[in-house]
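Colleague: I'd like to go through the labels on this model with you. Could you set each one against its cut-off for me?

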Amino acid sequence: SRGQRVKPAIARAVVHDPKHVILDEPTNGLDVMATRGLRAFMRNLKAEGRCVLFSSHIMQEVAMLCDRIVVIAAGRVVADETPDALRAQTGEANLEDAFVKLIGTEEGLAA
């Protein structure tokens with residue numbers, strides 16, 4: 001399964017004890033418990049003073065883990081703020097709605 005391939009890939013990324021960790025959608029394909037464990041692991045890396053950069057389309061995950069959010073649309077950075085600043089800037093209560101407003105499209109919403 002994809003989840004079984006993700007776990008060793010993450011282990012390989014951190015086995016050499018890096019100061020900076022870059023993860024591309026690390027929870028994609030993981031079951032609920034593995035996702036929770038990975039999120040806790042990412043929080044621990046942050047608590048150790050490491051820089052953790054990750055991409056995700058799961059706004060709940062972004063809201064839970066990120067100090068700063070960079071939103072990229074059409075190859076351009078359209079926002080680089082804290083989660084609270086993005087919500088305030090867009091006037092939206094949650095990050096998913098803020099993201100949609102920032103990228104300027106309702107693409108992906110069911111009709």
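**Labels and their cut-offs**

Modeller: Gladly! Let's start on the other side of α4 from its buried residues, where Asp84 and Ala88 are exposed. Exposed means over 50% relative accessible area, buried under 20%, and partly exposed in between (1.4 Å probe, protein chains only). This is a predicted model, in which local features need pLDDT of at least 70 and side-chain atom pairs pLDDT 80 or more, while totals for chains, interfaces and linings use all residues. Numbering starts from 1 along each chain as its sequence is written, and side-chain values use heavy atoms, without hydrogens or water.

Colleague: Which residues of α4 are buried, and what puts them on the same side?

Modeller: Within α4, residues 83-90, the buried ones are Pro83, Leu86 and Thr90. They span an arc of only 60 degrees around the axis, so they sit on the same side of α4. That arc is taken over the directions from the helix axis to the C-beta atoms.

Colleague: What covers the buried residues of α4?

Modeller: The cover includes β3 (69-73), β4 (76-81) and α5 (95-103). Next along the chain after α4 comes Gly91, with a positive phi near 75 degrees.

Colleague: How many helices and strands does the protein have, and what makes a run count as one?

Modeller: There are five helices and four strands, in the order α-β-α-β-α-β-β-α-α from the N terminus on. Each is a DSSP run numbered from the N terminus: H or I over at least four residues for a helix, E over at least two for a strand.

Colleague: And which residues of α5 are buried?

Modeller: Leu95, Ala98, Val100 and Leu102. Their cover includes α3, β3, β4 and α4. At the start of α5, Asn94 brings a side-chain oxygen to within 3.0 Å of the backbone nitrogen of Glu96. After α5 comes Gly104, whose phi is also positive, near 75 degrees.

Colleague: Why does Thr27 count as buried?

Modeller: Thr27 belongs to the loop between β1 (20-24) and α2. Its relative accessibility is 7%, which is under 20%, so Thr27 counts as buried.

Colleague: What makes the pair of Thr27 and Glu61 a polar contact?

Modeller: Their side chains come to 2.8 Å. A polar contact asks for N or O atoms within 3.5 Å, one able to donate a hydrogen and the other to accept it within protein, with sequence neighbours counted only through side-chain atoms, so this pair qualifies. Leaving out residues up to four places away in sequence, Thr27 touches Thr35, Leu38, Ile58 and Glu61, where contact means heavy atoms within 4.5 Å.

Colleague: Why is Glu25 called partly exposed?

Modeller: Glu25 is also placed in the loop between β1 and α2. At 25% relative accessibility, Glu25 falls between the two limits, so partly exposed is the label. Its phi is positive, near 45 degrees, although Glu25 is not a glycine. Most residues other than glycine have a negative phi.

Colleague: Where is Ala74, and why does it count as exposed?

Modeller: Ala74 lies in the loop between β3 and β4. Its 84% relative accessibility is over 50%, so Ala74 counts as exposed. Ala74, not a glycine either, has a positive phi of about 55 degrees.

Colleague: How much of the protein do buried residues make up?

Modeller: They account for 32% of its 111 residues.
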